[in-house]
Structure formats: structure tokens, C-alpha cells
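Biologist: Hello! Could you teach me how to read a protein structure, one feature at a time?

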Amino acid sequence: RKDDSLQYEQNLILFPSFLIATVQFSLLSGLACGAMVVVHITRSSSYNPGSVIGNVTRDALKQGFQIAPQPPYLRVISNSEPRWVELSPAGILTTQMKIDRDVVCRQNPKCIISLEVMSNSMEICVIKVEIEDLNDNAPRFPTSHIDIEISENASPGTRFPLEGASDPDSGIFGVQSYSITPNELFGLEIKTRGDGSKIAELVVQKSLDRETQSHYSYEISAEDGGDPPKIGAVQLNIRVIDSNDNNPVFDEPVYTVNVMENSPVNTLVIDLNATDPDEGTNGEVVYSFNSYVTEKTREAFKIDPRTGIITVNGVLDYETTQIYEIDVQAKDLGPNSIPAHCKVTVNVMDTNDNPPVISLLSLNTEMVEVSENAQRGYVIALVRVSDKDSGANGKVKCTLQGNVPFRLQEYESFSTILVDGRLDREQKDTFNLTIQAEDSGIPQLRATKSLVVKVTDENDNPPHFLKPHYQEMVMENNLPGSCLLAVSAEDPDLGMNGTVSYSIVPGEIKHMDVNTYVSINPSGRIYSMRSFDHEYTRTFDFKVLARDNGNPSLSSNATVRIVVLDVNDNTPVMTNPPLVNGTAEVSIPRNAGVGYMVTQVKADDYDEGENGRLTYTISEGDRAFFEIDQVNGEVRSTRMFGENAKSTYEITVVARDHGKPSLSASAYIVVYLSPDLNAQETIGPVNLSLIFIIALGSIAAILFITMIFVAVKCKRDNKEIRTYNCRY
């Protein structure tokens with residue numbers, strides 16, 4: 001990439017500071033590991049969103065990576081920092097946001113973004129982008145001044161730890177040295193802590209005399225290793241105090257101890273001892289952490305101020321922090337005490353407390369599909385196994401369990417599951433794979449992950465309805481758009497071959513397009529397109545077509561019958577006696593007896609069953625004089641009308657159906673009493689009927705006698721003259 005390097009180096013003129021991103025391509029094709037190429041790209045440290053880091057497709061092709069000619073060329077299956085970078089389907093690596101290494105990686109010596117991509121030919125490419133640091137931060141002290149007290153009898157060589165400066169930059173761009181305003185009494189000694197950071201200790205170089213000078217002020221400067229270096233400063237205030245005969249002294253200036261992670265609270269870390277030969281309060285020693293010990297350290301450990309015993313105070317996790325450095329001071333309770341200092345380095349020891357974690361880097365982490373025509377070596381899934389523990393505790397071996405036509409191929413940072421045998425869906429269409437990862441710790445910890453592999457087939461099965469005929473009962477007056485029923489067809493094929501869509505077969509219902517009656521959605525739910533009327537349409541049939549999305553597609557159909565049930569939606573209508581504005585007038589003789597039929601009320605109801613069965617009642621009016629048959633509606637008198645009876649009577653007759661809710665109609669009937677009729681009329685309806693029956697019987701008897709007479713006469717004539725042919 002010589003040409004690119006020259007091109008990017010020109011950017012150094014435009015930007016005052018720059019960031020170097022080292023992009024490494026690890027190419028894995030099938031079972032072989034390709035060569036690694038390192039590309040150096042120079043960019044501005046601002047790294048605005050959308051900045052192009054590199055063309056992965058172009059560089060991968062140069063290394064022999066197999067990429068199909070049509071996009072998408074590459075698919076990202078793993079990205080350690082999706083917030084920072086993204087890879088387009090065309091293989092262009094760009095930034096997602098402004099990159100600031102100091103925010104995420106802090107002072108870690110390595111800051112790497114790792115991507116794993118797969119081509120459309122199932123080859124795998126590993127991309128590692130290393131973000132190198134810039135010296136864009138100056139050292140900074142936590143406070144604006146440091147105040148310390150020193151006894152006037154402090155001998156030359158006495159040391160006092162100072163609170164160090166911090167620098168978000170890493171490596172050489174972090175704090176490298178400290179300096180103090182030149183003077184003859186005090187100097188600085190630089191020490192390196194276990195984590196690589198630098199701290200300074202104030203060293204007394206000459207004897208002090210409080211009576212000569214009791215206060216000193218100097219400037220402490222912290223300098224990083226940049227070119228040019230950046231500097232941070234703090235004011236140091238020293239107060240010389242009266243001497244205390246003897247000061248505490250630790251047995252050792254530095255202690256190193258090991259503590260197992262996950263140790264319970266109050267576990268002993270170390271028992272410090274500082275001696276002071278004085279008696280009384282002058283010899284009573286009190287222990288404490290230095291003021292600049294971090295809050296994180298104070299949460300993890302505590303110190304007994306009387307005994308100097310340091311114990312565990314919180315959770316120790318090797319995977320989070322491997323080393324703690326604790327600065328401890330011991331001070332007697334006498335006046336003008338000079339504290340003694342020591343450093344305790346606590347190494348947190350790893351235990352095998354984290355089982356391996358198995359991650360599937362597939363689009364579907366629970367199930368993958370593979371064609372039965374897949375060849376040996378075809379990659380069906382990527383597996384990453386990680387273990388937070390270190391050493392043997394974190395060394396993991398991954399295996400594929402069972403006798404299956406697949407195998408596991410392990411690489412440095414991941415593994416692939418490959419086809420390793422002939423697949424035949426007609427013999428077996430599903431494989432349940434179990435991946436087992438086991439570390440080398442004591443005791444060994446293991447984890448398993450299941451993966452379902454489905455073998456896809458050709459489109460050789462049409463959809464099959466669960467039932468060839470469907471019938472649904474629907475109440476009339478339904479709301480248009482309401483769901484009537486759902487049909488379902490199954491297709492044993494997979495993918496698009498097994499994806500079924502539904503439609504209504506074209507047809508007519510009562511000379512109208514079936515689609516004006518019903519519709520169906522792709523999932524098989526059938527909806528009404530109109531409100532059905534039982535009195536107009538009691539049943540109708542149509543066909544539903546189920547079609548898969550294979551190529552060519554296959555289909556089948558089922559018959560659906562909709563039965564429209566009656567609801568009580570028709571009000572009874574009065575048909576007899578004729579009504580005028582809801583009122584009917586009838587006349588009866590004044591001398592009508594009990595049981596005389598005044599009139600017969602009739603009503604029609606277009607509903608069926610109980611919804612159309614009517615019951616008649618008299619609801620209002622002169623109910624004491626009349627009664628009504630609830631079934632046939634005949635209204636009869638219940639008493640005699642005397643000479644003093646009024647000339648008109650009024651009743652209200654109601655015809656009510658038996659639906660729920662019940663509907664009704666009413667008729668207002670006015671009954672007039674007419675003058676007395678003649679004798680024939682006064683016979684009443686019962687006597688007239690009897691006379692009519694007697695008359696009919698008499699006529700029938702006369703006809704019968706006549707027929708007998710004729711028959712006898714014909715027989716007699718036949719005997720006398722045999723050739724005579726009697727015809728009547």
C-alpha cells in the first residue's frame with residue numbers, strides 16, 4: 001500500500017495532530033489460513049463520522065479472498081465496537097462516530113477493534129483495526145495544591161509519597177517524570193508502580209530548622225513523553241513542625257501479598273506492623289490509607305487503624321482488576337508526629353470461577369438451514385468460545401458431540417461448523433447439534449450450546465388444508481370487516497417453498513362477485529365484506545385457494561360454507577283487523593253473550609323460530625270485558641252487556657315475539673255495541689253453524705239414496721234383455 005501511504009501522509013500537513021489505524025486482514029478460506037497483510041493508514045485524530053478507513057473488499061481480493069461478483073460482497077458477523085466502525089455491504093470500512101481512544105481504551109497499551117466478516121461464497125475474513133494513541137492530553141493533578149507537614153528533626157533521606165498526576169494518554173504519552181522547583185532542601189525521586197504509572201516521593205536532602213523557616217512553597221511539575229511534551233503542575237506547601245522524639249517505622253517499605261479472587265469479606269490480606277519506642281500516646285500508632293488511595297481500592301480493602309490489619313472489604317474479581325497498590329501510613333498520637341509510609345502490592349490470583357461462554361455468530365443463533373445439496377466443507381455456522389479466566393483456567397477446548405454429518409474446525413479466535421457428510425432430507429430433516437467447551441482449570445468447567453440444523457428440500461409438496469370443508473355459523477347483521485373464521489393449510493416444504501398465501505377463488509353468490517361477500521388475508525383469516533341478512537341469504541359457499549411461494553408454485557383449495565343465523569331483527573306487523581293509524585273499529589251485538597268472538601288479531605314476523613313465534617296479550621283498556629287467546633289472537637267477551645252498558649269499549653292488543661331482546665307491535669281496538677239483531681241473528685254463531693251442518697248432511701243422504709235406486713234398476717233391466725247395454 002505504498003501509494004496509499006504517500007497519499008495519507010499528505011494529510012499531516014493539514015492536521016496538527018493525527019491518529020494511526022493499523023488494519024490487519026486475516027483471511028480464512030475453508031480450512032486453510034491465508035497470509036496476513038498489514039496496512040498503515042494515517043488519519044486526523046478528530047475522525048469525524050463517515051470517514052473512510054479502508055476498502056476491505058479491494059485489499060481482500062489482492063490477498064486471494066474469494067468474493068462473488070454481485071453485492072453484498074461481505075456480511076459482518078462480529079464487530080467488537082459497532083459504535084465506532086461499520087463495514088458496508090460493498091466492503092468499505094468507515095467510522096460511525098468520532099473516535100476518542102482515551103475514552104474507551106484509556107491507558108491500555110493496545111486498543112483494537114476486531115471485525116469478522118463472511119463473503120457470499122462463505123469464506124471468512126478477520127479484520128483488526130488498532131487505534132494508536134496521540135499525545136492530546138496533558139498530565140493533571142487531582143487538586144490545585146498539596147499540603148504536607150515535616151518534623152524539623154527529619155533526617156536527610158526521609159521520603160514522603162506525593163499524590164501523582166494522571167494522564168488519559170497511554171504508553172509514552174502518559175506521565176513520565178516529575179520535577180520540583182530547584183532548591184537545596186528537597187528533591188524528588190520517581191518510582192514506577194505495578195501498573196506502569198509513575199509517582200513521585202519528596203526526599204529531604206538537608207536538615208530543617210523550624211526557627212529559621214517554618215513554611216516552604218514549591219511547584220511540582222508532571223511531564224509526559226510527547227514531542228513536544230505536555231506539562232501539568234501543582235503547588236506544594238510544606239510546613240515544618242516541632243520534633244517528636246521517635247516516629248513510627250514499618251518493618252519493610254514495600255510488601256507484596258497474593259489474595260485469591262472471590263475471597264470473602266474480612267479475609268486477612270496482611271498484618272502490618274510499625275513500631276514506635278515512645279511511651280504513652282507518643283508511642284501509640286494509628287494506621288490509615290493515604291489520602292490519594294483511590295475509591296476503588298477503598299471499596300476492595302479496609303485497614304484496622306489500631307492493629308494495621310488489612311482485610312478484604314468487597315468483591316475481588318481477577319477479570320476486572322489483577323493488582324492493587326495501597327499506600328499506607330502509620331502515625332503516632334503524639335504532637336508533631338511524622339508519619340511512616342509503606343506500599344502494599346496486592347496481587348489478585350485467578351481462580352477457575354468462569355465457565356466457557358459459547359456464542360454462535362450466525363444470523364439465527366438457535367437454528368440454521370442448509371440445503372441437502374450442500375457439499376463437504378460448506379460452512380453453516382461460526383462459533384466463538386471465550387473464558388474470562390487466565391492461564392490454564394482460560395484455555396478452552398471445543399468439540400462437537402454425537403455422530404452427525406458435521407464437524408468443528410478450530411481457529412485462533414473462533415471455530416466453524418462444516419458439512420462433513422451427505423445430507424438427505426428424505427431420511428432426516430433435522431439435526432440437533434451440541435457444542436461442548438471445556439477449560440483446563442481445576443476443577444474443569446464446561447458449557448454446552450445447542451444448535452438446530454434444518455435441511456431444506458425442493459418444492460415438491462402442495463399446501464394441504466387441515467380440512468377439505470369448512471363451515472362457520474354467523475349471526476346476521478354482522479359488522480362488515482369482522483373476522484368470520486380462519487383456514488389453515490400446511491406445507492411440509494421449507495423456506496419460501498413452505499410459505500403459504502391464501503386467496504378467494506373467483507365466483508359468484510346470488511349473481512354477485514364473491515369478493516363483495518368475503519375477503520381473506522395472507523394468513524388465512526376470512527373477513528366479511530358486508531352485513532349478512534338471514535331473510536335474504538341463509539347459506540352460501542365459496543372456495544379458498546392456498547398457494548406456496550416456490551418456483552413453480554403449487555396450490556390446493558378447500559370449500560367454505562357460511563351459514564347465516566337468524567337474529568330477532570324484525571318487528572311483528574299487524575295484519576288483521578285492518579288498522580288506520582294503528583286503530584281498528586269493530587261492532588258486536590249488545591246482547592252478545594259470554595265467549596262471543598269480537599275479532600281475531602293477526603300479526604306477521606319474518607324472523608324464524610322463537611324470534612318469529614308470537615304471543616298476543618291485552619295490555620291496556622277494558623280488560624275486564626274481554627280476553628284474548630295468546631296463540632291464535634281471538635278476542636272474546638268475558639261477560640254479558642246489559643241495557644245500561646256503555647256504547648263503546650277500548651282495548652290495546654300487543655303481539656310480542658319470543659326473541660332476545662323481544663320485539664312487539666300493538667293495535668288499538670274500539671268495540672262498538674250495536675242494537676239487538678233479529679231472531680236469526682240472535683241465534684249466534686254457534687247455532688248457525690249447526691244448521692249449516694244439518695243441511696249438508698241432508699243433501700248427502702238424498703244423493704246416496706238416488707245412487708242406490710239407479711243401480712237396482714239397471715241390474716233388473718240387464719236380466720230381462722241381456723243384449724241391452726245400460727250406460728249411465
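Biologist: What volume does the second largest pocket have?

Modeller: Glad you asked! This is a predicted model, where local features need pLDDT of at least 70 and side-chain atom pairs count only at pLDDT 80 or more, while totals for chains, interfaces and linings use all residues. Residues are numbered from 1 along each chain as its sequence is written, and side-chain values use heavy atoms, leaving out hydrogens and water. Rolling a probe the size of a water molecule over the atoms shows where empty space is left. A pocket is an open set of points on a 1 Å grid over the protein atoms alone, where a 1.4 Å probe fits, with protein on both sides within 12 Å along at least five of seven lines. The second largest pocket has a volume (the space filled by probe spheres set on the points, which are joined across faces, edges and corners) of about 570 Å³.

Biologist: Which residues lie nearest the centre of the second largest pocket?

Modeller: Arg159, Pro253, Ala340, His341 and Cys342 do, out of 27 lining residues; a lining residue has an atom within 4 Å of a point. Strand S24 (340-349) is among the strands that supply at least two lining residues, and S24 gives the largest share, 4 residues. Strands here are DSSP runs of E with at least two residues, numbered from the N terminus.

Biologist: Which residues touch the most other members in the largest nonpolar core?

Modeller: In soluble globular proteins, nonpolar side chains tend to be buried together. A nonpolar core is a set of buried Ala, Val, Leu, Ile, Met, Phe, Trp, Tyr and Cys residues joined through side-chain atoms within 4.5 Å, and buried means under 20% relative accessible area with a 1.4 Å probe, protein chains only. Here the core has 28 residues, and Phe250, Leu272, Phe301, Ile310, Val328 and Val344 touch the most other members. S24 gives the most to this core, with 5 residues.

Biologist: In what order do the strands of the 4-strand open sheet run?

Modeller: Strands of a sheet pair through backbone hydrogen bonds, either parallel or antiparallel. Two strands count as paired if DSSP finds at least two bridges between them. The order is S45-S52-S51-S48, with mixed pairing. Strands S45 (583-589) and S48 (614-621) are at the edges with a single partner strand each, so one side of each has no neighbour in the sheet. Strand S51 (648-657) and strand S52 (664-674) run antiparallel, joined by 9 bridges; Tyr649 has Val671 in S52 as its bridge partner.

Definitions and conventions
Buried means under 20% relative accessible area, exposed over 50%, partly exposed in between (1.4 Å probe, protein chains only).
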